[in-house]
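The following note is offered to a colleague who is reading this structure. Its points are numbered, and each can be checked against the coordinates.

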Amino acid sequence: VVSIGTWVQGSKETENSTAIVGNWMDLGGRGVDTAWDYFDQPAVAAAIAAHGVNRKDVFITTKIPACVGKGEAAKLVDADLKQLNTQYLDLVLVHMPLGFDCDGTWAALEEALQANKTRSIGVSNFRKSNLESLLKKATVVPAVNQIGYSVFGHNEDTIQFCRQHNITVEAYSPLGSPGRGGKSVFTDPTVTGIATRLNVTAAQVALRWIVQRGDVLTVLSSNQDHQANDADLFGFQLEDDDVAALDKIQEQMVVV
């Protein structure tokens with residue numbers, strides 16, 4: 001349900017991908033979310049190896065940058081395998097629906113799936129319209145759509161379309177983007193009020209809201225205490241009124 005992201009730019013909560021992954025492994029976390037254009041995959045692989053965790057117990061997600069065409073996408077999957085020092089990937093995503101050939105790019109991922117280079121394939125930052133276009137020629141439905149998704153903003157049309165087509169929705173930036181000028185769950189009165197009543201943190205409330213909506217998420221922090229807090233989402237339950245209140249605070253912004 002919860003993976004750790006390794007992107008370190010633009011966040012006050014990260015030091016480097018080695019610290020992020022190392023602390024996560026120490027806590028027992030086994031989901032790791034990286035990408036070709038995070039430029040950290042060798043470090044991620046080294047951090048996993050340094051902790052002696054069995055490969056089958058780790059779920060590695062990576063991403064190819066965009067719709068780069070069939071040939072380039074195939075090369076990138078092979079490069080991901082090499083950089084991550086693994087014989088297979090657990091999930092490969094198309095990072096965003098930009099570029100010149102999403103259909104060819106997806107066909108390359110379908111072939112990688114058939115060749116057992118990855119166990120699942122999906123997309124990231126795809127809106128409903130992007131998914132509709134992709135599904136016209138796809139023979140494999142994306143397993144996952146990873147999108148920006150928090151109490152402050154989420155694209156409900158995209159989320160509902162994914163649910164209708166059995167595409168798992170995975171939230172990134174699930175606490176919003178305070179490091180990039182966005183709102184913070186730690187100062188929002190609705191979130192903090194619920195947290196105080198339940199004796200949990202504001203972050204836990206915001207993350208639990210996503211889980212209770214039936215979706216999964218990736219978090220980002222190199223601080224082990226914060227990682228532990230973010231993963232501790234199953235010892236409490238939001239009431240229906242809490243969920244409804246959190247639903248209402250999203251800003252009417254365009255996100256995917």
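1. For the packing described in this note, contact means heavy atoms within 4.5 Å. By that criterion, the buried residues of helix H6 pack against helix H5 (128-135), strand S8 (144-148) and strand S9 (168-172).

2. The model is a predicted one. Its protein chain has a mean pLDDT of 92, and 93% of the residues reach 70 or more. Caution is due at residues 252-256, where pLDDT stays under 50; the model has 12 contacts beyond four places in sequence for this stretch.

3. Which residues of helix H6 are buried? In this helix, residues 156-164, they are Thr158, Ile159, Phe161 and Cys162. They lie on the same side of H6, because the arc that they cover around the axis is only 165°. An α-helix has 3.6 residues a turn, so residues three or four places apart point the same way. Asp157 and Gln164, on the other side of H6, are exposed.

4. Both ends of H6 deserve inspection. At the N-terminal end, Asn155 acts as a cap, with a side-chain oxygen 3.2 Å from the backbone nitrogen of Asp157. Just after the helix, Asn166 adopts a positive phi of about 55°.

5. The cysteines may be taken together. The count of disulfides comes to 1, and the bond joins Cys67 to Cys102 with an S to S distance of 1.9 Å. Cys67 lies in strand S4 (residues 67-68) and Cys102 in helix H4 (residues 102-114), so the pair ties together parts that are 35 residues apart in sequence. The torsion about the S-S bond is about 85°, and the disulfide is therefore right-handed. Cys67 counts as buried because its relative accessibility is 2%, under the 20% limit. Cys102, at 23% relative accessibility, counts as partly exposed.

6. Why does Cys162 form no such bond? Its sulfur is 15 Å from the closest cysteine sulfur, in Cys102, which is too far for a bond. Cys162 is buried, with a relative accessible area of 0%.

7. Two annotated positions can be compared with the model. An unreviewed UniProt entry gives the annotation "binding site" for His95, and the feature "active site" is placed by UniProt (unreviewed entry) at Tyr38. His95 is in the loop between strand S5 (91-94) and strand S6 (99-101), whereas Tyr38 is in the loop between strand S2 (31-33) and helix H2 (41-50).

8. Is His95 buried or exposed? At 10% relative accessibility, His95 counts as buried. Leaving aside neighbours within four places in sequence, His95 is in contact with several residues, including Asp37, Tyr38, Lys63, Ser124 and Asn125. Tyr38, not counting residues up to four places away in sequence, touches Thr6, Trp7, Asp33, Lys63 and His95. Lys63 is thus among the contacts of His95 and also among those of Tyr38.

9. Asn125 is found in the loop between strand S7 (121-124) and H5, and at 14% relative accessibility Asn125 counts as buried. A polar atom of the Asn125 side chain lies 2.9 Å from the backbone oxygen of His95. The side chains of Asn125 and Tyr172 are joined by a polar contact of 2.5 Å.

Methods
Residues numbered from 1 in each chain as written. Predicted model: local features only at pLDDT ≥ 70, side-chain atom pairs only at ≥ 80, totals over all residues. Heavy atoms only, no water. pLDDT = per-residue confidence, 0-100. UniProt positions renumbered as here; feature names shortened; annotations may be inferred. Helix = DSSP H or I, 4+ residues; strand = E, 2+ residues; numbered from the N terminus. Buried < 20%, exposed > 50% of the residue type's maximum accessible area, 1.4 Å probe, protein only. Arc of directions from axis to C-beta. Polar contact = N/O pair within 3.5 Å; in protein donor to acceptor, adjacent residues only side chain to side chain. Disulfide = S-S within 2.5 Å.
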